[in-house]
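Q: Please give me a close look at one part of this model, the strand pairing in one of the chains. Then work outward from there and show how the rest of the structure is put together.

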Amino acid sequence: MTSTTTPPATGPEAPAPGRPGARLVRAALRHPAVVPVGAVVLALLIGAVIILAAGLDPVTAYAAVISGALEPGSLDYTFSVWGFIIGMALAAAIPLRMGEFNLGGNGQLVLGGLTAAVIAGNLPLPGPIVIPLAVLGAAVVSGAFGAISAPLATRFGIPIIISTLLLSPIAVAVVSYLVRFPLGEAGAAVAQTPRLPQDARMWALGDLSYSNVGLLIILALLVVFWLVDSRSAVGFELRVVGANRRFGAYGGVRVGRLALGAMAAAGAAAGVVGAVMVMSSPFRLIDGALISPGYTFAGLAAALLAGGRPALIPVTAILFTVLQVGGAAMERSADVPRQLSDVLQGVVIVVLALRTVLDQRRTERSSA
Amino acid sequence: MTSTSGNDADAAGLDGPAASAVPAVELIGIGKRFGAVVANADVDLVLRRGTVHAVMGENGAGKSTLMSMLFGLLEPDSGEIRIDGRPVRFAGPLDAIAAGLGMVHQHFRLFDTMTVAENVVYGAEPRRPGFFGRGVVDRAAAAARVRELSERYGLESDPDAVVGSLSAGARQRVEILKALHRDARILILDEPTAVLTPNEVTSLFAVIRRAAEGGATVVLVTHKIHEVLSVSDEVTVLRDGRVTGRFATAEATAASLVHAMTGRAIDEVRNPRTGTPGATVLEVSGLTVGDSGAGSGSGSRTSPGGGGVAAVSDVSFEVRAGEIVGIAGVSGNGQHELVAAVLGTLPARSGRVRILGDDVAGRSVRDRRALGLAVIPEDRRGEGSAVTMSVAENVTLGHHRTPPIGSASGVGRGWMSIRAERARARELIRDYDVRTSGELQPIGALSGGNAQKVVIARELSHRAPLVIAEQPTQGVDVGAIESIHGRLLEHRADGGALLLVSHEISELLALADRILVMYAGRIVAEFPADEATTARIGAAMAGAAEAASEPDPEDPES
C-alpha cells in the first residue's frame, strides 16, 4: 500500500514520509463498506472478462442490463422482482443476524406457495378474508417448516446451514408431487394447480400488471424486521448472538429459543413470498415456477451483501434485481446468456464468504 | 494480557550456567503482538542439548505462541532464533522440520482412518521402485521403521493399527514417532499430559527421559508444577508474555514456581474485614462437573470416548452475604468449570447449587441471573463481551428487558429505548472512569483494563446479591486493578456476597475473607484470611503431595 495522497508532514519529528498516509489508506480499507463494494466490483470485472472471452463487448452487455431493467416500460415488472428478492433476502437475513445461514429458502418458498394455492383455491370466501388467510397460512406452514432446523441444531447438533440445505429439496419434491397428482389441474399438459378464482387473487395496485399489494406486504415485513432488529429486546439478542454466541449464552440469552424464532420468522418470510407469487399472475402454482427465477439465491446474496442489516437490504436487492431483470434484456440485445447474472451472484457470494472465513481466522489467531 | 510490572525475573530467576557446547536452540529477545495484545515480549530461551526443558506458565501466558514461533507456525515481530548457533528464519513448519524440530501438538494432527505406520511416515515416506520409477510407498519399510523407533525409544505401538481406534495416549505416541521418524533432534511437546491417564503420563515421562539421554532436546510446555519437578532439567517460567523465572529444576521448589507464575505487585486496596457475614447466598454441595471441552485450553482433562474426567469433583462450599470467598488455584484446576456450572452454561453431573435458597438445577442462565447472580467472566473477549459491538450495547446485555432500557410489562414489553440505553452507558462510563471516545465505540478498540471496567460495570450494576468474579484483574493495568478492587469491596460493604476466583495470591490475600484452594477439581484446603499466607496457599495450589512436603503444612487433605 503506497500512499500517493500523503498530506505534507506536520512537524519536524513526523515519522518517515508516507506513514500517516499509509495509515489513512489502511484505515479506509478497513471501512466496513470496502469488502461488499469490492465484491460487487470484482464480480462485475470477472463478468466483463467472461464476456470478453466470449468475443462480445462488456460495455454493451452491461448497458443492456441496466436499460433492460430500468426502462419505463419494464419498471412494473422490475419492482415486483425487487419485492420478491427483498422477501427472500429477509428469509436469509433474519438468521444471518444471529450468525446462522438459512439455505432452505426454496423449500420454504414452495411450501408457502402450495399453502396459499390450497387455501385461496378451495375456500369460497370473499377476497378481504381469503387473501389475508392465504398469506397467513403460507407464513405459518413455511415458518413451521423453517423452524424444524432450530431444534435439530440445539438438540442434535446438526448445523442449521446443513439441515436447511438438505430439508429444502424434500419440500420441493413433495410440493412437486402434490402439484403433479393430487392437486394438479385435470387434463393440463403442465403440472399446475387450477387458476385461482377472481376473488382470491392478490389486490392490484392501480393498473399495474406485475406489482401488486403483495409488494407492499413484503415491504411492510422489511419495516417490521428493521424495527425489531434495532429497537426490540429480541433484535438486540439476535445481534448479540451474531456477534458472539458465547457472550449471548453467558448473558442469559436463550440461544435455542432465539434460533427457533429466527428460523420460524425466516421461513414465514419465504412463505409470504411464495403466497404472493402464487396469487399474482398467472394465479396458480406451476411446478418449478417459484424456484426457477432464482429469487432465493439472489435474496441470499442481497442479504449477505447487506450483512443482514435491514436498512441496507432494499439497496443491495436493487443490484440483484437489476441483474436478474436486465439479464434477460442482455440476452436479447447483446447476445450474452442470462446465466451470466448467476455467475455474478456467485462471485459476490464467494467473495463475501471468503471475508467471513478470513475474519474468523483472524479472531481465532488473535485470541490464541 | 497487557504487560504488567512483573519484573522479578532477576530476583526469582537464576540463569542456567553457561553451557560448554553451543546450545541446541536459542531464542533471543523474541516479541510478538496480535493487534493490541502482547503475546510475547523480549523472551529469551536457551535449550541445551540432551536436556528436558520445561516452559511453564498459566493459560494465556504466551507459551503456545512462543512455541508456534519456534516451530515456524508464526513469525516473530522481533528477536532472533538460533539453531545450533546459526540464526534461522522459518517460513513455515516444513522449514522447522528440516532444521531438526518436531512438535507434538495438544490437539493431535493425525489421519484417523489410516494406520499408525501410514501416519508416521506421511510426508516422508520410504519409497520403492514401482511401475513409474520410485513412486510407490514402501509399506513394509514403513512398518519396519515404526517398529525400530518404538523399540529404540520404548514407545509401544502397533504399526498396523488404525489410528481412529487408538486411545489418546497411543495417538500421542504416534505423534511422537512421527517427529522421531523425521529425525527430530528437538522435540516440542505442547501440554502433552492434558489427555493422558496417570499411567500414560508415567510412561510418557520415561520416553522423554530416554530421548534426552539419547541426545535429543525436549521442550515440555505445561502449567503443571509436579510434572516440571519430576521430569525436567531446567525451567523457564512465562507470565503475561515475559520470562519471570529461570531455574535449574534441582533448585526449584513448588512455591518458587507458583510465585514466578502468578506473583504480582501487591496493591493498596485491602479488605477491612469488618462486619459479620449474613445469610447464605450461594450454597454448593457435592458438585461434580464434566469437562467444558472448549478448545480454550482451560478444560484440560478430556479423555477419549466421551464421559471424560470430571473437571470439578465433589465440591462443597457456601458464600454468605457481606463476605468475599476466594478460590485460589493454578488455572485449569476446575475453577472455570465450577463458575460455569453455577452460572448454568455448563451442566452439573451431580450435586446441588442453591442461589438465595433456590435450587437452580435445570434452570436457564437467564433464570439464575434473575434470581440475583452476576458474573464477571475470565475470558473477557470470548465470553464477557462482543468485541465488534459498541460499549453501550456491551453494557446493556442483561439489562435490556428491564427499566430504564426495556420494560418488564405493559405495551413497552420487549422493546428497548435506545435513548435510555445510551444515557445509561454514558453514566456508567463516567462512574467507572472508562477511557473511551464515546459509548458508541466498539469495545474491542478499548484497552484491556477499560474493556474490563465495562464488563464489571455491566455486572455490578445489576446490584445482584451474588457476584462471581473470575480473574477480575487479569490483563489489566495496575491503576485499573485498584479501582476494580475498590468496586468489589464496595459490593461487600453493601452486603453483597462475592465469590472471587483468582490465581493471583496477592489479590486473594488483599480481598478475601476466606480462601479455598482448588487443585485437580477438588477443594484441597481452606484458610481464614488471618491464617492465609502466600507460602501456605502456594503450597496447596501446587497440589496435595507438594503441600505435604512443605515446611508449614496446613492439612491440605480437607
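A: **Strand pairing in chain B, and outward**

I28(B) has E80(B) as its bridge partner in β4(B). The model is predicted. That bridge belongs to a longer pairing: β1(B) and β4(B), the latter covering residues 78-83, run antiparallel and share five bridges.

β4(B) also pairs with another strand. Three bridges join β4(B) to β5(B), residues 86-88, again in the antiparallel sense. Within this pairing, R82(B) has P87(B) as its bridge partner in β5(B). The two strands make a hairpin, with two residues between them. One residue in that turn, D84(B), has a positive phi of about 50°.

D84(B) leads back to the loop before β1(B). P23(B) sits in that loop, between α1 (9-12) and β1 (25-34) of chain B. Along the chain, P23(B) and D84(B) are 61 residues apart, but their C-alpha atoms are separated by 6.0 Å. Is P23(B) buried or exposed? P23(B) has 20 C-beta neighbours inside 10 Å, and the cut-off for buried is 20 or more, so P23(B) counts as buried. Leaving out residues up to four places away in sequence, P23(B) touches V46(B), L47(B), R48(B) and R49(B).

Now the wider chain. Chain B holds 19 helices and 22 strands. Of its 558 residues, 54% are buried. Take the contacts in chain B with a separation of 6 or more: residues 24 or more positions apart account for 70% of them. The chain is divided into three parts: domain 1 (9-100 + 185-262), domain 2 (280-386 + 462-549) and domain 3 (389-441). Between the centres of domain 1 and domain 3 of chain B, taken over C-alpha atoms, lie 46 Å.

A second set of strands in chain B pairs in the parallel sense. β19(B) is joined to β18(B) by four bridges, and the two run parallel. Here V375(B) has I468(B) as its bridge partner in β19(B). β19(B) is also joined to β20(B), residues 497-501, by five bridges, again parallel. I468(B) turns up in this pairing too, with L499(B) as its bridge partner in β20(B).

How enclosed is β19(B)? Five of the five residues in this strand, 466-470, are buried, so β19(B) is largely enclosed by the rest of the structure. In a regular strand, side chains alternate between the two faces of the sheet. Both faces of β19(B) are covered. L466(B), I468(B) and E470(B) are buried on one side, and V467(B) and A469(B) are buried on the other.

β18(B) also meets a helix. Helix α11(B) has three buried residues: V365(B), R368(B) and R369(B). They lie on the same side of α11(B), because they cover an arc of only 100° around the axis. A helix has 3.6 residues a turn, so residues three or four places apart point the same way. What do the buried residues of α11(B) pack against? Their partners in chain B are α10 (335-343), β16 (348-355) and β18 (373-376), and α11 (245-250) of chain A joins them.

That brings in the other chain. The contact between chains involves 29 residues of chain B and 19 residues of chain A. On the chain B side, α2 (63-70), α11 (365-372) and α12 (380-384) each give two or more residues. α12(B) supplies the largest share, four residues. By class, this side of chain B has eleven nonpolar, 13 polar and five charged residues.

Chain A is built from 15 helices and zero strands. Of its 368 residues, 48% count as buried. Among contacts in chain A between residues at least 6 apart in sequence, 76% join residues at least 24 apart.

Last, the largest nonpolar core. It has 282 residues, of which I85(A), V272(A) and V517(B) touch the most other members. Helix α12(A), residues 255-278, gives the most to this core, with 16 residues. Setting aside neighbours within four places in sequence, V272(A) is in contact with G87(A), G112(A), V135(A), A138(A), A139(A), I217(A), I218(A) and L221(A).

Terms used:
Residues numbered from 1 in each chain as written. Chains lettered and ligands numbered in written order. Predicted model: local features only at pLDDT ≥ 70, side-chain atom pairs only at ≥ 80, totals over all residues. Contact = placed C-beta atoms within 7 Å. Nonpolar A, V, L, I, M, F, W, Y, C, P; charged D, E, K, R; others polar. Domains from an automatic or database assignment. Buried ≥ 20, exposed ≤ 12 C-beta atoms within 10 Å, placed from the backbone. Arc of directions from axis to C-beta. Core = buried A, V, L, I, M, F, W, Y, C linked by C-beta atoms within 7 Å. Pairing = 2+ DSSP bridges.
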